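Hi everyone, thanks for coming. I'll walk you through one structure today, so have a look at it first and then we'll talk.

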Amino acid sequence: MGRLRTLTRRQLVLVAGAAVLCAAVAGTALTGHFGAALTVLGVFFAGLLAGLLLIARRLTGLATAHRKAQQDVRTILEQTQRRVLGAVEELLLNAGDRHRELTDKLAAQQKSAAHGTDHLLRAQTREIEGLFQLFQDFTARAPMPSSGGFALNPTDLLGLLHLVRTRKPRLVLELGSGTSTVWMAYVLQQTGGKLVSLDHETGYAQKTREALEQHGLTDVAEVRDAPLRPVVLDGRTFPWYDVDACADLTDVDLLVIDGPPEKTGPDARYPAMRVLESRLADRATILFDDANRAAEQAALLKWVETIEGLTQEGEALGRHAVLSYDRLRSRNPACSTASR
Ligand SMILES: C[S@@+](CC[C@H](N)C(=O)[O-])C[C@H]1O[C@@H](n2cnc3c(N)ncnc32)[C@H](O)[C@@H]1O
């Protein structure tokens, strides 16, 4: 009975039909109607055969569907496998490329670090040699202010002092005071020249003045306050030293351009030669510090292009460039060639 409850309606109808046919066979046989019993039995077996055929057909259909489902699953599995393999391969390739890239970068950085260290070592050696030469046969009357950093490097100081010793300027004008002011004043005390140094920072101007006093150099050098004021050149405005601070100066035969600092504005030092050309002696020397920087390079090129009689001298030892100015040549090239 329990099993009967699990049957579907169609199965119940079939079971009931089979039971009716069995009852009909039994009834007809028991009542002596063997012909009828045989007919019903025939119908029963025909129905049974039809049912078996139906079941066989269904089973074949199910087997086909099962095979197809298996095939589909296999196809999906193969596709997934291919995709995963492809992704892993790509990952490995990318990792390989990245690894190569990183190795190359590392090698380049190691090379550049080695190059940088080498460069630094060579520069330091040069500066140490410069320091030895600076202090050779020189006794300062007080501790010397430090070189390098904000001030000229020993090699640049050496170049500057060599110019002062060999060209013996009568009047030096320096833009930007500091250590170089003290060193130049010592040499000028021997060669008999004078130095005026302009500074836009009153605090540093005072500091240099105090250093000059400590070293007993106030008779040779003076520091003037020259706050930055707008100077208009070719339609451009530059913050540059107050020109009144050097209004009384003429015949400057050595101009040292080491200010204003670049932080005061773009092309901070460009106005120097344009403003001061008229204050130079007929023949003058210009030492231009930090000439290796882009803005200073551009200023230097423009000066040489636009100021007649101005030429750059040889190769620089340190960071500075040396220029010479010849007013006579600028007015009469033939006369200058003859006088040389
Ligand atoms: C390039 S530095 C000039 C340095 C100077 N020609 C020398 O070689 O010592 C430009 C400016 O630095 C400032 N300065 C001077 N002494 C300084 C110091 N001890 N520390 C920092 N800046 C200083 C001044 O205002 C100066 O105009």
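**A buried aspartate, and what surrounds the story**

Let's start with one residue, D290: its relative accessibility is 8%, so D290 counts as buried. Keep in mind that this is a predicted model, so every value you hear from me is computed from it.

Where is D290? It sits in the loop between β7, residues 280-288, and α8, residues 294-306. And here's a nice detail: D290 isn't a glycine, yet its phi is positive, about 60 degrees. Why point that out? Because most residues other than glycine have a negative phi.

D290 has company in that respect. D267 also isn't a glycine, and its phi is positive at about 50 degrees. You'll find D267 in the loop between β6 and α7. How covered is D267? With a relative accessible area of 24%, D267 is partly exposed, because buried would need a value under 20%.

While we're in that loop, look for P260, which lies between β6 (252-257) and α7 (271-276). The peptide bond joining G259 and P260 is cis, with omega about 0 degrees. Again, there's a general rule to hold that against: most peptide bonds are trans.

One more aspartate, then I'll move on. D326 is in strand β9, residues 321-326. D326 has a relative accessibility of 2%, so it counts as buried. What does its side chain find there? A polar atom of the D326 side chain lies 3.2 Å from the backbone nitrogen of L328.

**Over to helix α2**

Now scroll back to helix α2, residues 9-30, where T28 lies. Is T28 buried or exposed? Its relative accessibility is 18%, so T28 counts as buried, since the limit is under 20%. A polar atom of the T28 side chain lies 2.6 Å from the backbone oxygen of A24. If you skip the neighbours within four places in sequence, T28 is in contact with H33, F34, A36 and A37.

L30 is in helix α2 too, but its surroundings are another matter: at 76% relative accessibility, L30 counts as exposed. Now for a number I'd like you to remember. Take L30 and S177, which are 147 residues apart along the chain: their C-alpha atoms are separated by 143 Å.

**Zooming out**

That distance leads us to the whole chain. How big a box do its C-alpha atoms fill? Roughly 165 × 45 × 40 Å, taken along the principal axes. The radius of gyration is 52 Å, whereas a compact globule of 340 residues would be near 20 Å. So when you rotate the model, keep those two numbers side by side.

What is the chain built from? Ten helices and nine strands. Of the 340 residues, 34% are buried. If you take the contacts with a separation of 6 or more, 62% of them are between residues 24 or more positions apart.

And the outside? The chain exposes about 21300 Å², and carbon and sulfur atoms supply 60% of that. As for charge, there are 40 positive and 39 negative side chains, with the centres of the two sets 19 Å apart.

That's my tour. If you'd like to try one thing yourself, find D290 in its loop between β7 and α8 and then go looking for D267 in the loop between β6 and α7. Thanks!

Key: Residues are numbered from 1 along each chain as its sequence is written. This is a predicted model: local features need pLDDT of at least 70, side-chain atom pairs count only at pLDDT 80 or more; totals for chains, interfaces and linings use all residues. Side-chain values use heavy atoms; hydrogens and water are left out. Helices (H or I, at least four residues) and strands (E, at least two) are DSSP runs, numbered from the N terminus. The radius of gyration is taken over C-alpha atoms; the globule rule is 2.2 Å times the number of residues to the power 0.38. Buried means under 20% relative accessible area, exposed over 50%, partly exposed in between (1.4 Å probe, protein chains only). Contact means heavy atoms within 4.5 Å. Accessible areas come from the Shrake-Rupley method with a 1.4 Å probe; for residues, only the protein chains shown count as cover. Lys and Arg count as positive and Asp and Glu as negative; His and the chain ends are not counted. The place of a charge is taken as NZ of Lys, CZ of Arg, CG of Asp or CD of Glu. A polar contact is a pair of N or O atoms within 3.5 Å; within protein, one must be able to donate a hydrogen and the other to accept it, and residues adjacent in sequence count only if both atoms are side-chain atoms.
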